[in-house]
Every structure is written in structure tokens, then in C-alpha cells.
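Thanks for making the time this morning. I would like to walk through one structure with you, and I will try to be careful about what can and cannot be said from the coordinates.

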Amino acid sequence: MLAEIITIGDEILIGQIVDTNSAWMSQKLNDAGIRVKQISSVSDDREHILEALSLASGRADLIIITGGLGPTKDDITKKTLAGYFNTGYRCDQESLENVKNIFAKYKRPVLEVNISQADVLENCITLQNKNGTAPGMWIEHQDKIYVSLPGVPFEMMYLMEEEVIPKVISKFKLPVISHHTILTAGIGESILADEISDIEDSLPAHIKLAYLPKLGVVRLRLSGYADHKEELEVEITAIMKQIVARIPAYVIAEADLTLEKSILDFMQARKLTLSVAESCTGGALSYTITRNPGSSAVFLGGAITYSNNLKETVVGVSSQTLQQFGAVSEQTVLEMASGAIKAFKSDYALAVSGVAGPDGGTEDKPVGTVWIAIANSKKSVAKKYQFGNKRIQNIERSVTSALIMLFKLLKEDHA
């Protein structure tokens, strides 16, 4: 079964909000064995919506529309759908009672526009919305299923999980869809593709490989479609083992995890701790680590030693080192890392210092020059990177590079 998602609203097209609904729905549909063929966003315009519906009906079996079911004049989805299906409205009594109960709960008057939200298409099955006033609608038309849902995320999620997906599963025999991910780092997409080209070329028709690159890491996603889950899992697992065996030095995790989460899991399993001393990344490294729940089991903390004074007083970089070699140097980051080990009493420490830009560079240390060091109680290593001239990208690349360096040292120390 193929599905298409149509999100309706000018606010999406002008960038006022990000369409997180489609990503969430796609994941849930995939889990149920429904492949999403296309995702479209259209404006609050009748002709645009009608065109999107017409095109979707030629591509998909299940068309899910979100947005435009509110009580205001700019919410035109229901009216447009009535025209598309050439049908009228009926008042759904259960939905009307739901509207009245919600307004009574908050002691607010029920206006005519609120009452009209209980009006649904005559040809639909009403999907009762327990989290809001706008019901969903399930329409079967010319061998296609159309589902109209509110755009408010928690209302849409409730209807998808409690109404839409169960109805689809009960109505159709759906195939199994399985996705498995290998996270790699330190190898470019094109080189990676060349290394495993023969494995990719030998894949059966029902299993596909996708490359998903992002700033220093590449996720390999194997997606399979079949009738029997157990057989499909055995096939994909065997292919994953082939790939991992081919590129062991670059494999971070055999799961759909971020680089930092993989590191945290690795360190937590071995009861290892981490601290940081950041300069040019300005806390971005700490944020990347601590946005993961449970990071406190590994991450002890650190310092943003932006100034030379703080490099000296907080993590013990000597004034002589700073005067002789400068803040952006191998010697400074090595002292920052070893100083963080002493100051925060962690097993490992990361240190970053560089010229993020767009200004501040010199002839021998141009914008994009970054030194990164890692230390533990026995050794420390440092590496110089030369990135570009865009500040945000330089910070992001510094964070990713630091994490990759850390993971490589961890694998060496705890093979």
C-alpha cells in the first residue's frame, strides 16, 4: 500500500512553522507496513488543494490530509473536500457533544463557528477527536482512502494512533517493512560507496541501500519489504554483517543512533566519564552531549574557556604556552585536555580551540583553523583541522570531529 501526505497551510510554506507532522506520520505508517510515496505541502487555496488531491489519487492508495479544519475563515479544507467529493455536510452528534463538553470544561461560551466544527462530510466515517474540537474524517472514494486530520500535532497523533492506523491494518493485508541502520564516521560517502559497491550490487530487489551523509558521518540504511518478518530480518542482518566486516574501522554503531549517543552508550557500558574544555565551540560540544537523556551517567561537565585568562585559571594552560604558541595551537589544546582531566576528575577529556570566523584569522592561522585534543590519564593526542570560512559550519564540524576522535581512541583503548 502506498500513501501520500498532504499538509495544508500557508504557515508551512512561508517557513513560519516546520512540518514535523509529516515526519512523524511517515514513521508510523512505515512501522505499519505502509510506504509513503510522496509528501506535499500546499497553501490555503482551494485550487491548490484540489490539484494536490487529484495528483495524489493517481499515485497513492491512502491520502492523508492535515490542517485547515479549524473554526476560522482561512480553514478551508473541509469546504474544499466537500467540493472535491461533490457531497454535503451532516452534523455529527458525538462530535458536537465533544465540542460542548470541552467549552463547558473551560467555562467558555460555544459560538456558532465552534458548533460548525461538528459538521462533517456526508460521505465520511467520523474519527472522533478526544484531544480537540475538530473531528477527523475517513472517506472511501473510487478505490482510494482519503483521511482528513487536524493539523495540531497532539490531535493528529491521537487520531493516527487510535483511529487511522488500526482501521488500515484491519482493512488490508500489509507487508512487513524493516529498516536497519549502520552509523559510520571518518569516511566520505563516495569512498564508502566504492568500498561496498559489490555488496550493494548484489542486493535483492526487495532490499535497498540508502546513503545518508551529515557532517562527517554517513548513515547506511537498509530497507526491506516482504510478507514475512522473520525471513526479512535474517536477510538484512546477513547483509549488515557483510558491510560491517568490510569497513570495521569506520563503523560507530549498528543502530539508528547519533554519533554522540553511540559514544555515551559505549562509555556508560564501561563506566567511563567525560569532561570538556571548549573555546571556539562555545558550549556546542557540551550541548550536543547533554541533549541526550541519561548523559549525566557519563558527562561530568566542563568549561567554556573562551578567553586566555580562563584557559589559564580554569584548566591550567600555562601563560608561557599561550604567549609562545597562541590559543589556537597543538600545545594549548593538549594542556586544555590534560587540565580538564585534573580539574573535573574524568576518565577522558576533549578540548577544542580554533578560529571559527568570520574574522580573527591570520596568515598562519586562517579562519577555519581548529585544534582538537583528547586526553586520558595515560596519553593525549591532538589533531589540526582546516575547515572553511563559515562560522556555524566550523563550529558544527569541530564538534563532530571531536566526537569522532574520541570514539576512535575509545575503540583503541577498549577493543
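I will go through the nonpolar cores, then the aromatic rings, then a hairpin, and finally two serines.

Please keep in mind throughout that what you have in front of you is a predicted model.

Let me begin with the cores. The largest nonpolar core has 37 residues, and within it the members that touch the most others are M267, L274, L285, Y348 and L406. If you look for the elements that supply at least two residues each to this core, you will find the strands β9 (176-185), β12 (251-253), β13 (274-278), β15 (348-354) and β16 (369-376), together with the helices α11 (259-269), α12 (284-290) and α16 (391-413). Which of these gives the most to the core? It is α16, with 10 residues. There is also a second core, separate from the one just described, which has 22 residues and includes A52, A56, L81 and A134.

Now to the aromatic rings, of which the structure holds five pairs. A pair of rings is described by two quantities, the distance of the centres and the angle of the planes. For Y84 and F85 the centres are 5.0 Å apart and the planes stand at 80°, and because an angle over 60 degrees counts as edge-to-face, that is how this pair is classed. The two partners differ in their exposure, since Y84 is partly exposed at 23% relative accessibility, whereas F85 is buried, with a relative accessible area of 7%. Ring pairs also bring in Y146, which forms a cluster with Y84 and F85.

Another pair is made by F266 and F407, whose ring centres are 5.6 Å apart with the planes at 65°, so this pair is edge-to-face as well. What does this pair tie together? F266 lies in helix α11 and F407 lies in helix α16, so the pair joins parts that are 141 residues apart in sequence. Both F266 and F407 are buried. The face of F266 has a further neighbour, because R270 lies over it at 3.6 Å from the ring centre. A similar arrangement is found at W138, where K167 lies over the face of the ring, at 4.9 Å from the ring centre.

Turning to the strands, I would point you to β10 (residues 207-214) and β11 (residues 217-226), which pair in the antiparallel sense over eight bridges. The two strands form a hairpin with two residues between them, and in the turn L215 has a positive phi of about 35°. If you want to trace the pairing from the β10 side, K214 has V217 in β11 as its bridge partner.

Finally, let me set two serines side by side. S95 is found in helix α5 (residues 93-105), and at 2% relative accessibility this residue is buried. The side chain of S95 makes a polar contact with the side chain of Q128, at 3.0 Å. Leaving aside residues up to four places away in sequence, S95 touches A118, T126, Q128 and P135.

S296, by contrast, is exposed, at 62% relative accessibility, and is found in the loop between α12 and β14 (299-304). Although S296 and L264 are 32 residues apart along the chain, their C-alpha atoms are separated by 9.4 Å.

That is where I will stop, and I am glad to take questions.

Note on methods. Residues numbered from 1 in each chain as written. Predicted model: local features only at pLDDT ≥ 70, side-chain atom pairs only at ≥ 80, totals over all residues. Heavy atoms only, no water. Core = buried A, V, L, I, M, F, W, Y, C linked by side-chain atoms within 4.5 Å. Buried < 20%, exposed > 50% of the residue type's maximum accessible area, 1.4 Å probe, protein only. Helix = DSSP H or I, 4+ residues; strand = E, 2+ residues; numbered from the N terminus. Phe/Tyr/Trp six-rings, centres within 6.5 Å; stacked < 30°, edge-to-face > 60°. Lys NZ or Arg CZ within 6 Å of the ring centre and 35° of its normal. Pairing = 2+ DSSP bridges. Polar contact = N/O pair within 3.5 Å; in protein donor to acceptor, adjacent residues only side chain to side chain. Contact = heavy atoms within 4.5 Å.
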